[in-house]
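Q: Could you show me how to read a sheet and an interface in a structure like the one below?

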There are 2 protein chains.
Amino acid sequence: MGEALREQIEKIVSLTDNEFEKVLSHFNLKHFSKHQFILQADSLVMSNYFIIKGLIKSFYVDEAGKEHILNFAMDNYWITDLEAFQYRKEARLNIYCIENCKTLSITYDRLEALCDNMPKMQYYFRKKADYDQALLNKRILCLITNNATDRYHDLMVHSPELVNRVPKTMIASYLGVSRETLSRMILQRM
Amino acid sequence: MGEALREQIEKIVSLTDNEFEKVLSHFNLKHFSKHQFILQADSLVMSNYFIIKGLIKSFYVDEAGKEHILNFAMDNYWITDLEAFQYRKEARLNIYCIENCKTLSITYDRLEALCDNMPKMQYYFRKKADYDQALLNKRILCLITNNATDRYHDLMVHSPELVNRVPKTMIASYLGVSRETLSRMILQRM
């Protein structure tokens with residue numbers, strides 16, 4: 001059940017079978033259906049989710065009711081409202097299943113306990129956070145240079161499967177361009 | 001010399017005098033003059049810098065030669081090209097001193113050794129990375145909702161001193177608005 005999680009962790013740190021059993025005991029298996037919300041804005045954020053299988057979007061709805069897609073996540077990604085999770089407060093984001101999803105969830109307290117008890121996992125989560133930070137910085141650079149073509153190119157290079165699975169209207173919304181502009185970008189790459 | 005660094009670390013984890021001495025021994029004191037580059041694009045990124053005193057901007061220069069400000073950092077902030085630092089590759093960013101700067105720098109290898117040898121510091125850097133990630137996500141949300149007024153408001157709330165110290169033309173560039181639009185925002189807040 002947890003093989004996908006183990007594979008991700010072992011990209012950074014190797015674990016014995018016993019160690020991985022201990023890690024896994026901190027998680028809960030949770031299924032969500034297509035169109036179901038894992039998290040809704042203004043609710044308390046209890047868990048961080050490792051996606052074994054599925055496709056998810058996180059988005060923010062502004063005061064005018066407009067939806068802004070922050071992220072997509074699929075097999076082997078983690079997703080939550082990170083700020084709310086860290087500070088144990090209400091979410092600003094909505095997290096919604098585009099496909100049926102099978103996840104391993106971990107609460108804030110269980111994650112802290114896991115790190116306290118297993119130095120290897122403290123190391124894993126530090127390195128993971130560092131790599132994720134580098135990706136976020138890259139995304140900010142793409143956003144401030146305001147280059148939708150580069151953003152699309154980055155998506156294609158780093159997540160080609162995601163681009164194929166996510167409906168094109170959502171990809172356009174994520175890139176901040178119209179559906180027509182995205183079609184032109186796709187044609188240019190062919 | 002390292003009191004500012006100790007104060008920042010102790011916001012997350014407490015250290016004995018001996019422990020802090022050990023931490024400090026992993027850093028080097030470095031001074032930079034106003035207008036000096038700490039890092040230039042295409043050079044190898046050797047260190048992460050904790051700023052004891054000073055004011056710094058990190059920016060990216062696009063192919064057309066246009067400068068895009070990614071971040072400002074001042075007293076008690078850390079700065080580097082995080083992606084290049086993590087992967088020990090060439091920088092995409094430039095890091096430039098707006099004021100004279102006094103820093104404590106740590107190399108990648110020394111930081112890893114520090115975390116290996118002191119579980120408290122592994123914990124510190126994990127939590128710091130998590131908090132920083134939450135801030136980056138918040139910044140991305142501001143950027144994709146494309147709301148310069150909110151971005152300015154966030155800066156004023158979280159870094160009022162920074163807003164006072166950084167030249168207004170740089171703040172405008174950071175927010176992605178013209179100098180005139182920024183003046184209107186400032187007037188609206190009075």
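A: Let us begin with the sheet, remembering that this is a predicted model. Strands of a sheet pair through backbone hydrogen bonds, either parallel or antiparallel. In chain B, an open sheet of 4 strands has the order 2-7-4-5, and the pairing is antiparallel.

Q: Which strands stand at the edges of this sheet, and why is one side of each left without a neighbour?

A: Strand 2 (37-39) and strand 5 of chain B stand at the edges, and because each has a single partner strand, one side of each has no neighbour in the sheet. On average, and with direction ignored, neighbouring strands of this sheet are turned by 30° against each other.

Q: How many bridges join strand 4 of chain B to strand 7 of chain B?

A: Strand 4 (residues 55-61) and strand 7 (residues 94-97) of chain B run antiparallel and are joined by 4 bridges; in this pairing, Ser58(B) stands opposite Ile95(B) of strand 7. Helix 5 (residues 119-144) of chain A packs on the sheet, where this helix touches strand 4 and strand 5 of chain B, its direction making about 130° with that of strand 5.

Q: How many residues of chain B are in contact with chain A, and what area is buried between the two chains?

A: The contact involves 35 residues of chain B and 35 residues of chain A, and the area buried between them is about 3600 Å², with carbon and sulfur atoms giving 64%.

Q: How many salt bridges are found across this interface?

A: The rule finds 6 salt bridges between chain B and chain A; one of the pairs is Glu112(B) with Lys127(A), whose closest N and O atoms are 2.8 Å apart. On the side of chain B that touches chain A, helix 5 of chain B gives the most, with 20 residues.

Methods
Residues are numbered from 1 along each chain as its sequence is written. Chains are lettered from A and ligands numbered from 1 in the order in which they are written. This is a predicted model: local features need pLDDT of at least 70, side-chain atom pairs count only at pLDDT 80 or more; totals for chains, interfaces and linings use all residues. Side-chain values use heavy atoms; hydrogens and water are left out. Contact means heavy atoms within 4.5 Å. Buried area is the accessible area (1.4 Å probe) that two parts lose on being put together, summed over both. A salt bridge is a side-chain nitrogen of Lys or Arg within 4 Å of a carboxyl oxygen of Asp or Glu. Helices (H or I, at least four residues) and strands (E, at least two) are DSSP runs, numbered from the N terminus. Two strands pair if DSSP finds at least two bridges between them. Axes are lines fitted to C-alpha atoms, for helices over the stretch in contact, and angles run from 0 to 180 degrees between N-to-C directions.
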